Amino acid sequence: RQHIGDPYDPFTSLIEFYTWVCFGFEYDRLKPLGGEVYYEKARLIAENARFEIEYSYGWNERRNFIRELKKERFRAIRTAAFHAEAGSYYLEKDDNETAMSHLTRASGLITSGPEENLDLRMNDHIIRFINPQEFERTLIKVGAGDILDNLIEWDANRKYFDIEE
């Protein structure tokens with residue numbers, strides 16, 4: 001089926017849009033760029049909903065939000081979200097070597113772009129791809145102080161990373 005709501009309903013489309021965004025966000029954590037298919041579903045809803053005469057408010061912003069989310073500049077951080085999640089998973093399984101590999105990759109992807117790529121903010125929409133405090137705790141647990149030092153150096157204004165001792 002194309003839509004959750006059948007027949008089409010403007011309110012159900014709003015719920016469906018955010019449902020697909022949430023699925024995309026979570027699926028990016030399970031597979032590198034795995035959320036793409038869900039973001040595309042959200043984009044199609046936003047494209048179609050803007051033609052609703054009575055309920056068009058906000059759809060241009062939602063459409064722009066999805067366009068931004070799918071841009072090349074966020075591919076690295078979306079992939080980093082997968083590696084950060086995988087690093088945490090393997091750390092819980094006591095596989096420090098695999099955890100360290102994923103965490104190193106996540107850190108490299110994070111620092112490959114500017115600070116503002118760590119989250120996407122547009123109007124009232126915010127997606128934080130990686131929770132910096134959680135990522136910090138994971139790096140500390142695995143003993144990757146050098147990686148954390150690199151992240152802190154990259155985040156010169158301490159907007160995201162700052163060791164709490």
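In this predicted model, helices α6 and α7 pack at an angle of about 150 degrees. Their axes are 8 Å apart. The angle is over 145 degrees, so α6 runs roughly antiparallel to α7. From α6, the contact takes in Phe135, Glu136, Leu139 and Ile140. Ile147, Leu148 and Leu151 meet them from α7. By class, the residues of this contact divide into six nonpolar, no polar and one charged.

**The nonpolar core**

Phe135 also belongs to the largest nonpolar core, which has 41 residues. Ile110, Ile130 and Phe135 have the most contacts inside this core. Several elements each supply at least two of its residues, among them α1 (10-30), α5 (96-111), β1 (119-122), α6 (132-142) and α7 (145-154). Helices α2 (36-49), α3 (59-69) and α4 (75-92) do so too.

What does Phe135 touch, leaving aside its neighbours within four places in sequence? Its contacts are Ala84, Leu103, Ala106, Ser107, Ile110, Ile130, Leu151 and Phe161. Ile110 and Ile130 thus appear in this list, and both are also named with Phe135 for the most contacts inside the core.

**Two residues compared**

Is Ser107 buried or exposed? Ser107 lies in helix α5. Its relative accessibility is 6%, under the 20% cut-off, so Ser107 counts as buried. Leaving aside neighbours within four places in sequence, Ser107 is in contact with Phe135, Ile147 and Leu151. Those three residues also take part in the contact of α6 with α7.

Glu92 is found in helix α4. Glu92 counts as exposed because its relative accessibility is 66%, over the 50% cut-off. Arg63 is 29 residues from Glu92 along the chain, and their C-alpha atoms are separated by 38 Å.

| Residue | Helix | Relative accessibility | Class |
|---|---|---|---|
| Ser107 | α5 | 6% | buried |
| Glu92 | α4 | 66% | exposed |

**The hairpin**

Strands β1 and β2 pair in the antiparallel sense over four bridges. Leu120 has Ile127 in β2 as its bridge partner. Two residues sit between the strands of this hairpin. Asn123 takes a positive phi there, near 50 degrees.

Which residues of β2 form its covered face? They are His125 and Ile127. Ile126 and Arg128 make up the uncovered face of this strand, which spans residues 125-128. Ile127 therefore has two roles to note: bridge partner of Leu120, and part of the covered face, where burial under 20% is the cut-off.

Terms used. Residues numbered from 1 in each chain as written. Predicted model: local features only at pLDDT ≥ 70, side-chain atom pairs only at ≥ 80, totals over all residues. Heavy atoms only, no water. Core = buried A, V, L, I, M, F, W, Y, C linked by side-chain atoms within 4.5 Å. Buried < 20%, exposed > 50% of the residue type's maximum accessible area, 1.4 Å probe, protein only. Contact = heavy atoms within 4.5 Å. Pairing = 2+ DSSP bridges. Axes fitted to C-alpha atoms, helices over the stretch in contact; angles between N-to-C directions. Parallel < 35°, antiparallel > 145°, perpendicular 65-115°, else oblique. Nonpolar A, V, L, I, M, F, W, Y, C, P; charged D, E, K, R; others polar.
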